[in-house]
Amino acid sequence: MLPGLDGTGHLSVAFLAAVRAHGVPTRALALPSNGPQHYASLLQLLRPQLPSQPFVLLGESFAGPLAMQLAAEAPPALRGLALCTTFARRPLPVPAAGAALLAPAWPLPAWPMPPLLLLSRLLLGRWRSRQTVRELRLALAQVPAATLRQRAAATLRVDARQALPRIAVPTLCLQARQDRLLWPPSVAELQALLPDARHVTLEGPHLLLQARTDAAATVVSSWVKALPG
């Protein structure tokens, strides 16, 4: 699993445990908390970490374009691709030039990160609880604010659409019905560009794996077990 914007894998602990409970071994590949955070640099770091034994790659939110591009390169051991609440190109109706406002070049000041209350409402909606908000706070605290801003800026510049026709493995797209973060046309575009994928929509917010852990784990693990080979 490639975790979302925080990149730590901390928010994925419960989901991965739930998938393991279904008999599917799992692990998260954490993203570096320092250094360049654009997609090209992250791809270079992730390629050598892919397993040599048969595996399925799951990309969540920010990491979706990473998973798409890695899958398009056809790693020999890749057997399937799962995408959760993600996008092929910018997920918000903001011009790519807006990335400079999120992560401006030194010495210009950057916009502050949104407060936790706003983030929890945006990412968790009515599914937020003391536990999920606490986990979100702990995960974000492990990553420098500048890194988070760089990743958010990278989402406004990325365009992984050209990779999608080259993905030859079975693909699962998991979306959240009450996703307040992803722009609906971005979700619809991904569905249109992956017509042969299995598309599943669950009730839940953008942080679907965290808010609907058991339901999401059931869908993902059942799909993985049904894959050929």
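What is the handedness of the crossing of α2 and α3? The crossing is right-handed. This is a predicted model. The exercises below work through its helices, loops and side chains.

**Exercise 1. Describe how α2 and α3 pack, and classify their angle.**

Solution.
- Step 1: Take the geometry. The axes of α2 and α3 (residues 64–72) come within 10 Å and cross at roughly 60°.
- Step 2: Classify the angle. Angles from 65 to 115 degrees count as roughly perpendicular, and those under 35 degrees as roughly parallel. α2 and α3 are therefore oblique to each other.
- Step 3: List the residues that make the contact. α2 supplies Y39, L42, L43 and L46. α3 supplies P65, L66, Q69 and L70.

**Exercise 2. Decide how far α3 is enclosed, and name what its buried residues pack against.**

Solution.
- Step 1: Count the buried residues. In α3, 9 of the 9 residues are buried, so the helix is largely enclosed by the rest of the structure.
- Step 2: Name some of them. The buried residues include G64, A67, M68, A71 and A72.
- Step 3: Find the partners. The buried residues of α3 pack against α2, β1 (55–60), β2 (78–84) and α8.
- Step 4: Look past the helix. A74 follows α3 and has a positive phi, near 55°.

**Exercise 3. Work out the packing of α1 and α10.**

Solution.
- Step 1: Take the geometry. α1 packs with α10 (residues 213–225) at an angle of about 50°, and the axes are 9 Å apart.
- Step 2: Classify. That angle makes α1 oblique to α10.
- Step 3: Assign the hand. The crossing of α1 and α10 is right-handed.
- Step 4: List the contact. From α1 come A14, F15, A18 and V19. From α10 come T213, D214, A216, A217, V220 and S221.

**Exercise 4. Place P32 and trace its contacts.**

Solution.
- Step 1: Locate the residue. P32 lies in the loop between α1 (13–21) and α2 (39–46).
- Step 2: Judge exposure. Buried requires under 20% relative accessible area and exposed requires over 50%. P32 has 27%, so P32 is partly exposed.
- Step 3: Set aside neighbours within four places in sequence. P32 is then in contact with Q37, L42, L45, T147 and R151.
- Step 4: Check one of these pairs. P32 and T147 are 115 residues apart in sequence, yet their C-alpha atoms are 9.1 Å apart in space.

**Exercise 5. For S61 and T85, give phi, place and burial.**

Solution.
- Step 1: Take S61. Its phi is positive, about 50°, although S61 is not a glycine. S61 is in the loop between β1 and α3. S61 counts as buried because its relative accessibility is 10%.
- Step 2: Take T85. Its phi is near 40°, again a positive value in a residue other than glycine. T85 sits in the loop between β2 and α4 (99–102). T85 is buried, with a relative accessible area of 0%.

**Exercise 6. Is E189 buried or exposed, and which residues does E189 touch?**

Solution.
- Step 1: Locate the residue. E189 belongs to α8 (residues 184–193).
- Step 2: Judge exposure. E189 has 18% relative accessibility, so E189 counts as buried.
- Step 3: Find its contacts. Not counting residues up to four places away in sequence, E189 touches R89 and R161.

**Exercise 7. Report on the aromatic rings.**

Solution.
- Step 1: Count the pairs. The structure holds 1 aromatic pair.
- Step 2: Look for a charge over a ring. The charged end of R126 sits over the ring of W127, 4.0 Å from the ring's centre.

Key
Residues numbered from 1 in each chain as written. Predicted model: local features only at pLDDT ≥ 70, side-chain atom pairs only at ≥ 80, totals over all residues. Heavy atoms only, no water. Phe/Tyr/Trp six-rings, centres within 6.5 Å; stacked < 30°, edge-to-face > 60°. Lys NZ or Arg CZ within 6 Å of the ring centre and 35° of its normal. Helix = DSSP H or I, 4+ residues; strand = E, 2+ residues; numbered from the N terminus. Buried < 20%, exposed > 50% of the residue type's maximum accessible area, 1.4 Å probe, protein only. Contact = heavy atoms within 4.5 Å. Axes fitted to C-alpha atoms, helices over the stretch in contact; angles between N-to-C directions. Parallel < 35°, antiparallel > 145°, perpendicular 65-115°, else oblique. Left-handed = near helix turned anticlockwise from the far one by under 90°.
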